[in-house]
Amino acid sequence: MSHKSCARRRSYLKLALATVALCALAPTTGSAAWEPTRTVEIIVPAGTGGGADQMARVVQGIVTKHNLMKQPMVVINKAGGAGGEGFLDVKGAKGNPHKLIITLSNLFTTPLATGIPFNWKEMTPVAMMALDEFVLWVNADKPYKTVKDYVDAIKAAPDGQFKMGGTGSKQEDQIITVALEKAIGKKLTYIPYKGGGEVAVQLVGAHVDSTVNNPIEAVAQWRASKVTPLCVFDGKKLDYNEKIVGDLSWNSIPTCKSQGLDVEYLMLRGFFMSPGASADEVAYYVDLMKKVRETPEWKKLMEDGAFNQTFMTGKEYADWVAKEEKRHEELMKAAGFMAAPN
């Protein structure tokens with residue numbers, strides 16, 4: 001064989017090997033991952049201004065600002081029926097991968113309290129984004145500087161004189177209120193509002209005496225020195241030391257348990273999809289939420305709202321939700337909030 005022929009064969013071989021290498025690196029169009037083809041809706045089963053609404057809008061803003069998705073994302077509030085409107089909307093959108101719902105404890109409390117035909121298992125779990133804290137807040141103009149100050153005032157007054165404002169009826173805020181009543185042996189008057197934003201405004205206006213708003217729902221009012229946090233309903237203090245008011249940070253707030261109120265409660269902030277979502281569709285949104293969590297805007301939200309930053313997906317997330325469903329059923333029964341059997 002001539003030298004030219006050998007050289008030509010070596011050239012062909014090099015070209016073939018280079019082509020194979022490039023093909024190995026390039027994604028195959030036939031197995032391209034799923035991605036949205038139209039506008040993605042985030043359903044919020046609560047009113048505007050509350051913790052779920054704020055988180056949904058931060059996610060929307062991050063996705064838009066950082067171009068994390070080719071299609072637009074919109075937030076839609078469906079708070080009717082204690083959030084049942086939103087859950088039934090997503091339940092009825094089987095096979096629609098362009099609809100997400102951000103969940104809170106009404107994932108459990110609403111069907112248990114109302115009897116609506118809905119269970120979280122009828123949706124597709126995507127990801128737990130965080131766990132939200134609850135804080136006992138009072139109006140800053142009132143003389144209560146400690147849990148003891150406030151509890152002593154409640155005990156000295158007739159049953160029902162002190163008003164607790166909260167989001168919705170027979171939901172997490174009222175569950176905590178009932179637990180608080182049992183801990184101190186006095187009745188409060190619970191006043192429900194549509195969302196945490198409205199609850200905060202009512203406390204600033206002294207229309208209620210206290211609230212158990214999430215940190216993100218009252219941080220603006222705390223910064224403005226309009227409200228005072230007395231304790232956090234967690235087993236440990238919040239791990240955020242950035243100063244918010246004077247020398248006070250989230251870490252400055254004592255636990256309720258350490259102040260004699262043996263009440264603990266944390267709440268889910270996570271996403272689900274419509275029923276029947278495929279593994280590729282779920283994987284797309286899990287990846288999207290991971291990217292969201294890496295942004296400075298998300299990290300600021302976590303700090304502003306003093307969130308527990310636990311993140312879960314897949315079976316771990318589903319198992320956690322199943323366990324919480326059982327816990328909420330016990331809490332609802334103890335509070336007398338279960339819907340009457342048909």
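# A cavity and a helix pair

Guide: Welcome! Let's start with helix α2, which gives the most to the lining of the largest cavity, with 3 residues. Please keep in mind that this is a predicted model.

Visitor: What makes a space in the protein a cavity?

Guide: A 1.4 Å probe must fit there but be unable to get out. By this rule, the count comes to 1 cavity of 30 Å³ or more. The volume of the largest cavity is about 110 Å³.

Visitor: Which residues lie nearest the centre of the largest cavity?

Guide: Those are Gly51, Leu104, Thr167, Glu172 and Glu217, out of 17 residues that line the largest cavity. At least two lining residues come from each of α2 (51-65), α6 (172-184) and β10 (267-273). Sorted by class, the lining holds 5 nonpolar, 7 polar and 5 charged residues.

Visitor: Why are α4 and α11 called oblique to each other?

Guide: Helix α4 (residues 106-114) packs against helix α11 (residues 314-335) at an angle of about 45 degrees, and their axes are 9 Å apart. Under 35 degrees would count as roughly parallel, and 65 to 115 as roughly perpendicular. The angle of about 45 degrees fits neither class, so α4 and α11 are oblique. Their crossing is right-handed.

Visitor: Which residues of α4 and α11 meet?

Guide: From α4 come Leu107, Phe108, Thr109, Leu112 and Ala113, and they meet Val321, Glu324, Glu325, His328, Glu329 and Met332 of α11. This contact is made up of 6 nonpolar, 2 polar and 3 charged residues.

Note on methods: Residues numbered from 1 in each chain as written. Predicted model: local features only at pLDDT ≥ 70, side-chain atom pairs only at ≥ 80, totals over all residues. Heavy atoms only, no water. 1 Å grid on protein atoms, 1.4 Å probe; cavity = no way out; pocket = protein on both sides within 12 Å on 5 of 7 lines; lining within 4 Å. Points joined across faces, edges and corners; volume = space filled by probe spheres on them. Helix = DSSP H or I, 4+ residues; strand = E, 2+ residues; numbered from the N terminus. Nonpolar A, V, L, I, M, F, W, Y, C, P; charged D, E, K, R; others polar. Axes fitted to C-alpha atoms, helices over the stretch in contact; angles between N-to-C directions. Parallel < 35°, antiparallel > 145°, perpendicular 65-115°, else oblique. Left-handed = near helix turned anticlockwise from the far one by under 90°. Contact = heavy atoms within 4.5 Å.
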